[in-house]
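Biologist: Hi! Could you pull up the model so we can walk through it together?
Modeller: Sure, here it comes.

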Amino acid sequence: MQDRPRIAIAGWLIALAAVIVASCAAQPSTSDPPSSLAAPPSAPPLDAPSPDAPSPSAPPSQTPTGDSAPSDPPVVDRPATSETLDPSPRLSPWPPFSQTVVELRSPDGVAHRMPVHVAATPAARRLGLMGRSDLPSDVGMLFLFDSVGRPSFWMKDTPLPLSIAFFDADGRLLATMDMDPCLADPCPRYAPDADYLSAIEANRGFFERLGVGPGWRLEVDGGLLAE
């Protein structure tokens, strides 16, 4: 009779424990699940950059800045050059001749610059283009005399066909002629029917191609010969 109360108490305790256990099992868990049971993250779209990848940077500017920017080239003061007196760089020194640039000016004022070798002494005028077999197409030889007259030209031992233009003391054109090579005597003589002060020899046909004719003038050293 003494064991019944104990059995009743034990039964009551067991029932109470069962109620407590059932109550705890019904409440949701507030702890995180183990990492091994976590759902895998969703994969990013194929065209989306990886969150760990660095973001693409904008292309560098094409305009240099700071120390890398090139500075403007310095302005160099160059001396003014003469339009009529500077000899052509194509004319190499050729003793006893000097070199310069003359102008052949048409009646309407259009000037044609012409580099020339200058024969201004008796020895240079006697030599002329004798023995020359070539001459640049726009280059000539200027014969300057001490006074007006009618000295004649010839083509003795000159294998290069030439044309010649004669000018008076005012620089006015008097005549043009074609001259043939002459390698043996007698050689023809060439001179205008009027006194002249200067003459220019050039390749055959030069004056015709340029259109040189009545009214044309020659300027030497920046001024007319008469000046």
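Biologist: Where does Met130 sit?
Modeller: Met130 is in the loop that runs between helix H2 (122-127) and strand E3 (140-149). Keep in mind that this is a predicted model.

Biologist: And how accessible is Met130?
Modeller: Its relative accessibility is 32%, so Met130 counts as partly exposed.

Biologist: Which residues form a nonpolar patch with Met130?
Modeller: Leu127 and Trp154 join Met130 in a nonpolar patch on the surface. Together the three have about 240 Å² of accessible area.

Biologist: Let's switch to pockets. How much space lies in the largest pocket?
Modeller: About 300 Å³.

Biologist: What lines the largest pocket?
Modeller: There are 18 lining residues. Nearest the centre are Arg125, Arg126, Phe143, Phe153 and Trp154. You have already met Trp154 as a member of the nonpolar patch.

Biologist: Which element gives the most to that lining?
Modeller: Helix H2 does, with four residues. Strand E3 also supplies at least two.

Biologist: Nice. Now cysteines: how many disulfides does the structure hold?
Modeller: Just one. The disulfide joins Cys182 to Cys187, with 2.0 Å from S to S.

Biologist: What's the handedness of that link?
Modeller: The link of Cys182 and Cys187 is left-handed, with -85 degrees about the S-S bond.

Biologist: Are those two cysteines buried or exposed?
Modeller: Cys182 and Cys187 are both buried.

Biologist: On to the backbone. Which peptide bond leading into Pro186 should I look at, and is that bond cis or trans?
Modeller: Look at the bond from Asp185 to Pro186, which is cis with omega near -5 degrees. Pro186 is in the loop between strand E5 (173-179) and strand E6 (196-203).

Biologist: And what about the bond from Pro95 to Pro96, cis or trans?
Modeller: The Pro95 to Pro96 bond is cis, with omega near 10 degrees. Pro96 lies in the loop between helix H1 (3-26) and strand E1 (98-105).

Biologist: Why flag cis bonds at all?
Modeller: Because most peptide bonds are trans, and most residues other than glycine have a negative phi.

Biologist: Speaking of phi, what is the value for Asp157?
Modeller: Phi of Asp157 is near 55 degrees, a positive value in a residue other than glycine.

Biologist: Where is Asp157 in the chain?
Modeller: Asp157 is in the loop between strand E3 and strand E4 (162-167).

Biologist: Last one: why does Asp157 count as partly exposed?
Modeller: Asp157 has a relative accessible area of 34%, and partly exposed covers values between the 20% and 50% cut-offs.

Note on methods:
Residues are numbered from 1 along each chain as its sequence is written. This is a predicted model: local features need pLDDT of at least 70, side-chain atom pairs count only at pLDDT 80 or more; totals for chains, interfaces and linings use all residues. Side-chain values use heavy atoms; hydrogens and water are left out. Patches are made of residues with over 30% relative accessible area and no salt bridge: like charges are joined within 9 Å, nonpolar side chains (Val, Leu, Ile, Met, Phe, Trp, Tyr) within 5 Å. Accessible areas come from the Shrake-Rupley method with a 1.4 Å probe; for residues, only the protein chains shown count as cover. A salt bridge is a side-chain nitrogen of Lys or Arg within 4 Å of a carboxyl oxygen of Asp or Glu. Buried means under 20% relative accessible area, exposed over 50%, partly exposed in between (1.4 Å probe, protein chains only). A disulfide is a pair of cysteine sulfur atoms within 2.5 Å. On a 1 Å grid over the protein atoms alone, a cavity is a set of points where a 1.4 Å probe fits but cannot get out, and a pocket is an open set with protein on both sides within 12 Å along at least five of seven lines; lining residues have an atom within 4 Å of a point. Grid points are joined across faces, edges and corners, and a volume is the space filled by probe spheres set on the points.
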